[in-house]
Protein chains: 2
Amino acid sequence: MDRRARASQKRRRLTAAAARVLHEQGVERTTLADIAREAGVPVGNVYYYFKTKDELVRAALAEHQAHLDELTAALDELPAPRDRLKALVEAWTAQRETAARHGCPTGTLAVELDKRADGTLDAEAGAVVRRLLDWTAAQFRQWGLPAPDDHALTLVSAYQGMSLLANALRDPDIMTREGARLLRWLDSLEVSP
Amino acid sequence: MDRRARASQKRRRLTAAAARVLHEQGVERTTLADIAREAGVPVGNVYYYFKTKDELVRAALAEHQAHLDELTAALDELPAPRDRLKALVEAWTAQRETAARHGCPTGTLAVELDKRADGTLDAEAGAVVRRLLDWTAAQFRQWGLPAPDDHALTLVSAYQGMSLLANALRDPDIMTREGARLLRWLDSLEVSP
DNA sequence: GTCTATAGGCAGATAGAC
DNA sequence: GTCTATCTGCCTATAGAC
């Protein structure tokens, strides 16, 4: 393995650690030392890969975006839009323990970043949310339902809401109950003849 | 005005300032100096009224709780449970500009406090959310609908979700669209004969 | 009760040896 | 490229004058 490969591997370790720790502890309570320790990299060395803490946050956001793209790409393999959306809901429910402990990675990050006067990073968090919203709307549109954007808003909003409540009340069961309702809702929707 | 009254007035000013500033900037990014300035109180003097920063956060949470209790008390004046719930949704929609800028005060506070290892304050944030959930469930129950707890979860979850998305995308219109849908949903619910 | 001055500690960032 | 040592600044909290 040459120097270039090793370097980018450390960068990747730092990015993965940042995504994980920032989700668990939040941006403000996480120190560079926390991320460095988790990645097995000395603190001072972090600055060779990321010039500022904000750049690490940016990298973590990109990591979450990538995970989301992976998920939707897998769902795109399913033939029927309704089944893709149901599989999405099932993926959310499967993450109920994590959601109860730390909330939705993107959602909680967006909340925290929106509190900052500096309005650069919060726009990037919004972009990740928007991408999910767009993918969801595309499914409803392909399905042939009217007002696909409104349906997408309802579905993603329900996800963010149930994640927040599960987190606030530390109760994964909330994800199960709301997830089941969303599945029934998707089953009940029909294209008008 | 005697000394006692003046003292508690300063305390109240600090509490109100804390509730406002902590909602706008978040807990971690808000310094005691920020709150003191907003309340017109010298920084060092804060400690006469609140021994720690956490106590100020606690006071802010209690303030939000009190606002919520005021709102539900007013709604309790309406005769029909359905109308109380619809008025609740309308109250949420009316706050759309604030929600788009800073999110739901209780919801965003809960998200932030849940990131802390110290598990004392996050339980208190959860309690505020739970109180809203309980009041909402009581309305559905009195209305005579089955599974009032599930209906309450759906409604409050929708509120948290739409507030988060409105905030993340900085778009108050999201509150309007989802609020209108929730009103239609409440109108569509009927007690089975 | 009110306020000033300051202690104490920690986190982000940098300089520079290797 | 890697890492150690350290600087700087800010924030919570306290001591103590008035």
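# Close-up views of a predicted protein–DNA model

**View 1. Ala147(A) lies in the loop that runs between α8 and α9 of chain A.** The helices named here, and strands where they occur, are DSSP runs numbered from the N terminus (helices are H or I with at least four residues, strands are E with at least two). Phi of Ala147(A) is near 50°, which is a positive value in a residue other than glycine. With a relative accessibility of 39%, Ala147(A) counts as partly exposed, where buried means under 20% relative accessible area, exposed means over 50% and partly exposed lies in between (1.4 Å probe, protein chains only). This is a predicted model, in which local features need pLDDT of at least 70, side-chain atom pairs count only at pLDDT 80 or more, and totals for chains, interfaces and linings use all residues. Residues are numbered from 1 along each chain as its sequence is written, chains are lettered from A and ligands numbered from 1 in the order in which they are written, and side-chain values use heavy atoms, with hydrogens and water left out.

**View 2. Arg170(A) is found in the loop between α9 and α10 of chain A.** Although Arg170(A) is not a glycine, it has a positive phi of about 50°. Its relative accessibility is 38%, so Arg170(A) counts as partly exposed.

**View 3. Helix α5 of chain A, residues 81–94, is mostly covered, with ten of its 14 residues buried.** From its first C-alpha to its last, α5(A) reaches 20 Å, close to the 20 Å expected at 1.5 Å a residue (the expected span is 1.5 Å times one less than the number of residues). Among the buried residues of α5(A) are Leu85(A), Leu88(A), Val89(A) and Trp92(A), and the list also includes Arg82(A), Arg84(A) and Lys86(A). What covers these buried residues includes α4 (53–75), α6 (96–102), α8 (121–143), α9 (148–168) and α10 (173–188) of chain A. Chain A as a whole has ten helices and zero strands, and buried residues make up 52% of its 193 residues. Of the contacts in chain A with a separation of 6 or more, 68% join residues 24 or more positions apart, contact meaning heavy atoms within 4.5 Å.

**View 4. Chain A and chain B are related by a rotation of 180° with 0.0 Å of shift along its axis, which superposes chain A on chain B with an RMSD of 0.0 Å.** That is the relation of a two-fold axis. In chain A, the C-alpha nearest the axis is that of Gly161(A), which lies 1.9 Å from it. The superposition is by least squares on the C-alpha atoms of residues with pLDDT of at least 70 in both copies. Because 100% of the interface residues of chain A are also interface residues in chain B, the copies meet through the same surface.

**View 5. DNA strand C has 13 residues around it, and Leu32(A), Tyr47(A), Lys53(A), Lys10(B) and Tyr49(B) come nearest.** A residue is near a strand or molecule if one of its heavy atoms lies within 4 Å of it. Sugar and phosphate account for 79% of the atoms of DNA strand C that come within 4 Å of the protein. A phosphate oxygen of the strand lies 3.4 Å from a polar side-chain atom of Tyr47(A), and another such pair, at 2.7 Å, involves Lys10(B). For Tyr49(B), an N or O atom in the side chain is 2.3 Å from a phosphate oxygen of DNA strand C. In chain B, α1 (3–25) and α3 (46–49) each supply at least two residues of the surface near this strand.

**View 6. DNA strand D is surrounded by 14 residues, of which the closest are Lys10(A), Asn45(A), Tyr48(A), Tyr49(A) and Tyr47(B).** Sugar or phosphate holds 76% of the atoms of DNA strand D within 4 Å of the protein, and the rest belong to bases. Side-chain N or O atoms lie 2.8 Å from a phosphate oxygen of this strand in Tyr48(A) and 2.3 Å from one in Tyr49(A). From the other chain, a polar side-chain atom of Tyr47(B) lies 3.3 Å from a phosphate oxygen of DNA strand D. Helices α1 (3–25) and α3 (46–49) of chain A each supply at least two residues of the surface near DNA strand D.

**View 7. Residues 31–50 of chain A are listed by UniProt, in an unreviewed entry, as "DNA-binding region".** This span is 60% helix and 0% strand, and its end C-alpha atoms lie 14 Å apart. The unreviewed UniProt annotation "domain: HTH tetR-type" covers residues 8–68 of chain A, where the chain is 75% helix and 0% strand and the end C-alpha atoms are 22 Å apart. UniProt positions are given in the numbering used here, feature names are shortened, and annotations may be inferred rather than shown by experiment.

Conventions. A polar contact is a pair of N or O atoms within 3.5 Å; within protein, one must be able to donate a hydrogen and the other to accept it, and residues adjacent in sequence count only if both atoms are side-chain atoms.
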